[in-house]
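Colleague: Could you take me through one part of this model in some detail, and then show me what else is worth a look around it?

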Amino acid sequence: MRLPHLLVPLTLLAACGDNSGPALEPDAQALVCTPPAAELPTSGPFASPDDLPLPTDCVAGGLRDLPGRWFVADLTRLFTFAYPRFEGSCDVGFQQFGEPADDPDVSDGFAHHTWSDGTRYYARTYYKFGASFEYVVARTACVRADGSLAVTGGFYTTDQGELVYTEQGTRFGVKDEPARGLTRLGGLARWGALGDRAIVGYNVVVDGDVAFVVGPEGLDTIDVSDPAAPAHLGHVGGGQQDGFNDVRVVRGAGRVVAFCSALQDNVTAVIDVTDPAAPVRLADLPEYSHSVFVRADGNRTLLYLATYTNAVPVYDVTNPRQPMRLGAPVVPGEEAGIHDLHVVGDLIYANNTTAGMIAIDVSAGLDQPAVERGRIATTYSHASWAATIGGRQIVIHGDEGMTPTGGAFMRILDGDPASATFMTELARWSTRPEVGIHNMQIVGTKAYVSHYQDGIRIVELADPTHPVEIAHYNTWDEATAPGDAFEGAVGVRPGADGLVYVADIAQGLIILRETP
């Protein structure tokens with residue numbers, strides 16, 4: 001059944017959620033926005049736009065200003081943000097880019113509705129599994145008098161009931177010119193005889209002329225001997241149980257082995273890549289890792305696992321085909337979950353998410369209690385990197401969770417454990433508060449930062465108290481990006497001859513070169 005476009009004339013709409021206000025003044029008639037009539041759901045949770053009320057200062061006919069990209073967030077909660085793009089007009093109606101086509105028939109267990117009255121936008125997606133389990137996601141939105149976007153969202157499952165939340169939106173786009181100080185040489189986004197296999201880049205490492213890119217589709221080995229024309233060599237994994245989040249490569253005992261953090265399984269994959277065109281998965285390490293770190297320790301090579309617990313399992317991988325577990329020092333305090341880590345000698349910098357970053361000393365032995373040397377409070381401690389620049393030890397730290405108190409920035413910290421100001425902040429750097437940092441690495445005096453929608457950024461740290469951005473390359477495509485929270489550049493690995501290797505969610509592997 002098709003419902004009438006409005007229950008009352010639009011000229012009676014003074015604000016969202018209020019259909020009984022005064023009529024528009026004559027000179028405001030031109031602002032009337034009247035999209036074509038659209039069907040609404042007939043039953044179930046959030047079946048009406050009125051179920052998700054909006055503020056009282058929505059602009060009547062304001063949806064004419066809806067098209068475009070927005071940053072929408074509830075910054076009182078972690079990871080409740082997105083970058084949706086809306087399309088359409090008052091003549092044809094409105095839709096969020098990437099949404100399913102309208103499908104009002106629920107008989108197959110799925111339905112999607114979009115509707116607007118010129119002032120309010122409404123979308124609802126419905127799923128039904130089996131005889132009785134329902135899953136519903138819905139939202140309303142309007143443009144406010146100050147030009148911002150108001151959003152009220154609803155989420156329902158049969159076992160959890162209803163959740164209603166509010167968010168605010170501001171205009172969003174590419175930050176600056178496409179590139180400065182970096183030039184694209186080449187890249188590889190797809191492979192297969194028909195180009196039918198996507199490379200979704202979460203992280204990348206480079207060993208010799210081979211790049212190792214991991215993501216939800218698995219591990220891809222890529223010949224980068226010609227940076228302008230990278231060529232696909234081999235592949236391992238893919239699918240729900242075989243995607244990877246992180247990777248490190250170890251040479252030893254005549255073999256080359258990749259250690260990969262599994263996205264779903266409670267294991268760390270061990271893959272022989274001695275022949276990168278024919279990688280072979282060996283017996284897994286029977287411990288989950290979200291991230292992995294490798295360092296040389298004299299004649300040994302050590303592998304560290306970030307497990308989302310407070311334990312840090314450490315393996316001797318000098319012979320990478322025969323890893324030997326040495327111990328698992330425990331980070332003291334709240335077990336928020338170690339997401340990533342960086343190690344310098346006997347000092348482990350553990351990125352313990354909402355519990356902050358904690359530095360522990362394991363010099364007493366990996367099987368002995370660790371000693372806390374320092375910590376900092378953070379919104380969501382995500383990644384770090386330690387280095388010595390001009391004789392001064394520093395640590396850079398990135399938060400990933402954006403909140404009203406911050407998070408979308410890089411801190412530069414005192415990294416000298418013998419200093420009274422160890423782990424205190426020297427300076428901070430950011431592009432803008434709407435975009436978070438993912439991974440970072442220091443080479444020489446420069447920090448290389450993968451910055452999601454703000455691409456790759458290079459920051460000069462010759463004076464750690466005054467960080468200066470010196471180059472960038474925007475990898476995120478505003479026109480085609482779905483608008484998810486995490487898009488764009490997520491992995492970065494500086495290489496020889498000024499090359500910079502990037503793992504990008506949409507573009508797979510990108511190879512850049514620093515330019516004067």
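What follows is a walk through one strand and its partners, and then some other parts of the chain.

Colleague: Let's zoom in on strand β15: how many of its six residues are buried, and which strands does β15 pair with?

Modeller: Keep in mind that this is a predicted model. Strand β15 covers residues 210-215, and six of the six are buried, so the strand is largely enclosed by the rest of the structure. Side chains in a regular strand alternate between the two faces of the sheet. In β15, V210, F212 and V214 point one way, while A211, V213 and G215 point the other way. Both sets are buried, so the cover isn't limited to one face: six of the six residues have it.

Now the neighbours. On the N-terminal side there's β14, residues 203-207, which runs antiparallel to β15 and is joined to it by five bridges. D207 of β14 sits opposite V210 in β15. The two strands make a hairpin with two residues between them, and G208 in that turn has a positive phi of about 65°. Going the other way along the chain, β16 (residues 218-223) is also antiparallel to β15, this time with six bridges. Here G215 is the residue that stands opposite G218 in β16. Again it's a hairpin, with two residues between β15 and β16.

For another covered strand, jump ahead to β32, residues 410-414, where five of the five residues are buried. β31 (residues 392-399) runs antiparallel to β32, with five bridges joining them, and H397 has R411 in β32 as its bridge partner. β32 also pairs with β33, antiparallel again, through four bridges. In that pairing I412 is matched with A427 in β33.

Follow the chain out of β33 and you're in the loop that leads to β34, which is where you'll find E434. E434 is partly exposed, at a relative accessible area of 22%; the cut-off for buried is under 20%, which is why E434 doesn't count as buried. Leaving aside residues up to four places away in sequence, E434 touches F71, Y83, F172 and M402. S384 is 50 residues from E434 along the chain, and their C-alpha atoms are 20 Å apart.

Past that loop comes β34, which belongs to an open sheet of five strands in the order β10-β37-β36-β35-β34, with antiparallel pairing. β10 (179-180) and β34 (440-443) are the edge strands, each with a single partner strand, so one side of each has no neighbour in the sheet. For β34 the antiparallel pairing is with β35 (residues 446-450), and four bridges hold that pair together. One match to look for there is I442 with A447 in β35.

Then the cysteines. A search of the whole structure turns up two disulfides. One of them joins C33 to C90, with an S to S distance of 2.0 Å. Its S-S torsion is about -110°, so this disulfide is left-handed. C33 sits in the segment before β1 (68-73), and C90 in the loop between β3 (85-89) and β4 (93-96), so the pair ties together parts that are 57 residues apart in sequence. C33 and C90 are both buried.

The other disulfide is formed by C58 and C142, with their sulfur atoms 2.0 Å apart. The torsion about the S-S bond of C58 and C142 is about -60°, so that one is left-handed as well. It links distant parts of the chain: C58 is in the segment before β1 and C142 is in strand β7 (residues 133-143), 84 residues apart. C58 and C142 are buried too. While you're colouring cysteines, have a look at C260, which counts as buried at 0% relative accessibility.

Last stop, the surface. Y127, F129 and F133 make up a nonpolar patch there, with about 270 Å² of accessible area together. F129 belongs to strand β6, residues 121-129. With a relative accessible area of 48%, F129 is partly exposed; exposed would take over 50%, so F129 stays in the in-between class.

Note on methods: Residues are numbered from 1 along each chain as its sequence is written. This is a predicted model: local features need pLDDT of at least 70, side-chain atom pairs count only at pLDDT 80 or more; totals for chains, interfaces and linings use all residues. Side-chain values use heavy atoms; hydrogens and water are left out. Buried means under 20% relative accessible area, exposed over 50%, partly exposed in between (1.4 Å probe, protein chains only). Two strands pair if DSSP finds at least two bridges between them. Patches are made of residues with over 30% relative accessible area and no salt bridge: like charges are joined within 9 Å, nonpolar side chains (Val, Leu, Ile, Met, Phe, Trp, Tyr) within 5 Å. Accessible areas come from the Shrake-Rupley method with a 1.4 Å probe; for residues, only the protein chains shown count as cover. A salt bridge is a side-chain nitrogen of Lys or Arg within 4 Å of a carboxyl oxygen of Asp or Glu. A disulfide is a pair of cysteine sulfur atoms within 2.5 Å. Contact means heavy atoms within 4.5 Å.
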